[in-house]
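Trainee: I should like to take a close look at the pockets of this structure, and at the largest of them in particular. Could you describe what lines that pocket, and then place it in the setting of the whole chain?

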Amino acid sequence: MALFVTIEGPEGSGKTTIGKKIVEKLIASGYEVIYTREPGGIEIAEQIRNVILDVKNTNMDPRTEALLYAASRRQHLIEKIVPALKDNKIIICDRFVDSSLAYQGHARKLGIDNVYEINKFAIDTLMPDLTLLFDIDPKLGLERINANKLREVNRLDLEQLEFHTLVREGFLKIQSREPNRIKIVDASKSIEEVFNAAYQLIEEAIRKFHENQRCIN
């Protein structure tokens with residue numbers, strides 16, 4: 001089955017940890033699953049990721065940042081996501097276009113609609129079937145990051161609390177526009193509780209997919 005699921009959220013929301021646990025359970029349940037991330041996921045996009053997140057690149061212009069994310073996204077899409085969907089696999093992607101809308105569009109003040117126009121050129125009409133928004137108070141998210149000594153610090157981690165507050169605000173604004181696609185998961189809870197809530201939403205998406213297939217057939 002071809003199902004495109006993205007996981008979004010502010011820094012420290014735990015989306016990467018939970019995303020990997022979701023993939024493990026889906027595979028154990030017999031599904032063919034591809035786990036990937038943005039920016040990155042394939043060689044060219046990972047090279048762009050290194051430029052975007054390098055802590056030395058603090059002078060990067062917001063528009064440059066937005067364009068680099070879109071370029072990385074395009075290559076990732078045509079090289080990995082689209083082929084996997086054509087092979088009827090489930091894609092679990094750590095970040096996608098909504099991150100650009102929240103980070104560059106809202107927090108960097110470029111405008112959500114403006115950044116979406118940039119990304120329309122990159123993604124054509126392909127959007128996720130389901131997006132899980134791991135929502136968390138930015139202060140708690142940053143505390144988690146600081147407590148995790150194994151986590152690599154990137155350029156976005158160096159931003160002040162005000163920036164991360166705007167990121168969360170941006171995500172919630174985007175969710176209010178597309179409540180049917182974007183489902184909020186309370187990421188302040190325990191790992192097990194967050195995992196169960198997220199996995200339940202994915203199970204519902206899988207069920208709806210099969211129901212739609214029966215209707216078509």
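Mentor: The protein chain contains eight helices and five strands. Read from the N terminus, these elements follow the order β-α-β-α-α-β-α-α-β-α-α-β-α. The model is a predicted one. For 217 residues, a compact globule would have a radius of gyration near 17 Å, and the protein chain agrees with this, because its own value is 17 Å. The C-alpha trace spans about 55 × 40 × 30 Å along its principal axes, and 47% of the 217 residues count as buried.

Let us turn to the part you asked about. The volume of the largest pocket is about 1100 Å³. Its lining comprises 41 residues, and those that lie nearest the centre are Glu-11, Lys-15, Thr-16, Asp-94 and Arg-151. Seven stretches each give two or more residues to this lining: helix 1 (15-28), strand 2 (33-37), helix 2 (43-53), helix 3 (62-86), helix 4 (97-107), helix 6 (138-147) and helix 8 (191-216). Of the elements, helix 1 gives the most, with five residues. In terms of residue class, the lining of the largest pocket holds 15 nonpolar, eleven polar and 15 charged residues.

The second largest pocket encloses about 230 Å³ of space. Here the largest share of the lining comes from helix 8, which supplies six residues. Among the residues that line this second pocket are Leu-3, Asp-129, Leu-130, Asn-180 and Lys-183, together with Leu-201, Glu-204, Ala-205, Lys-208, Phe-209 and Asn-212. The class division of this lining is five nonpolar, two polar and four charged residues.

Two lysines also deserve attention for their placement over aromatic rings. The charged end of Lys-21 sits over the ring of Phe-195, at 5.2 Å from the ring centre. Likewise, the charged end of Lys-25 sits over the ring of Tyr-199, at 4.5 Å from the ring centre.

Apart from the open pockets, the structure holds one cavity of 30 Å³ or more. The volume of this largest cavity is about 30 Å³, and the residues lining it are Glu-8, Asp-98, Thr-131, Leu-133, Phe-171, Ile-174 and Ile-182. Strand 4 (130-135) and helix 7 are the elements that give two or more residues to the cavity lining. By class, the cavity lining has four nonpolar, one polar and two charged residues.

Phe-171, one of the residues lining the cavity, leads to the aromatic contacts. The structure has four aromatic pairs. In one of them, the rings of Tyr-103 and Phe-163 have centres 6.1 Å apart and planes at 55°, so this pair is tilted. Because Tyr-103 belongs to helix 4 and Phe-163 to helix 7 (residues 161-177), the pair ties together parts that are 60 residues apart in sequence. Tyr-103 and Phe-163 are both buried, and with Phe-171 they form one aromatic cluster.

To return to your request: helix 4 is among the elements giving two or more residues to the lining of the largest pocket, and Tyr-103 of the tilted pair lies in helix 4. Helix 8, for its part, also gives two or more residues to that lining and provides six residues to the second largest pocket.

Conventions:
Residues numbered from 1 in each chain as written. Predicted model: local features only at pLDDT ≥ 70, side-chain atom pairs only at ≥ 80, totals over all residues. Heavy atoms only, no water. 1 Å grid on protein atoms, 1.4 Å probe; cavity = no way out; pocket = protein on both sides within 12 Å on 5 of 7 lines; lining within 4 Å. Points joined across faces, edges and corners; volume = space filled by probe spheres on them. Helix = DSSP H or I, 4+ residues; strand = E, 2+ residues; numbered from the N terminus. Nonpolar A, V, L, I, M, F, W, Y, C, P; charged D, E, K, R; others polar. Phe/Tyr/Trp six-rings, centres within 6.5 Å; stacked < 30°, edge-to-face > 60°. Buried < 20%, exposed > 50% of the residue type's maximum accessible area, 1.4 Å probe, protein only. Lys NZ or Arg CZ within 6 Å of the ring centre and 35° of its normal. Rg over C-alpha atoms; globule rule 2.2 N^0.38 Å.
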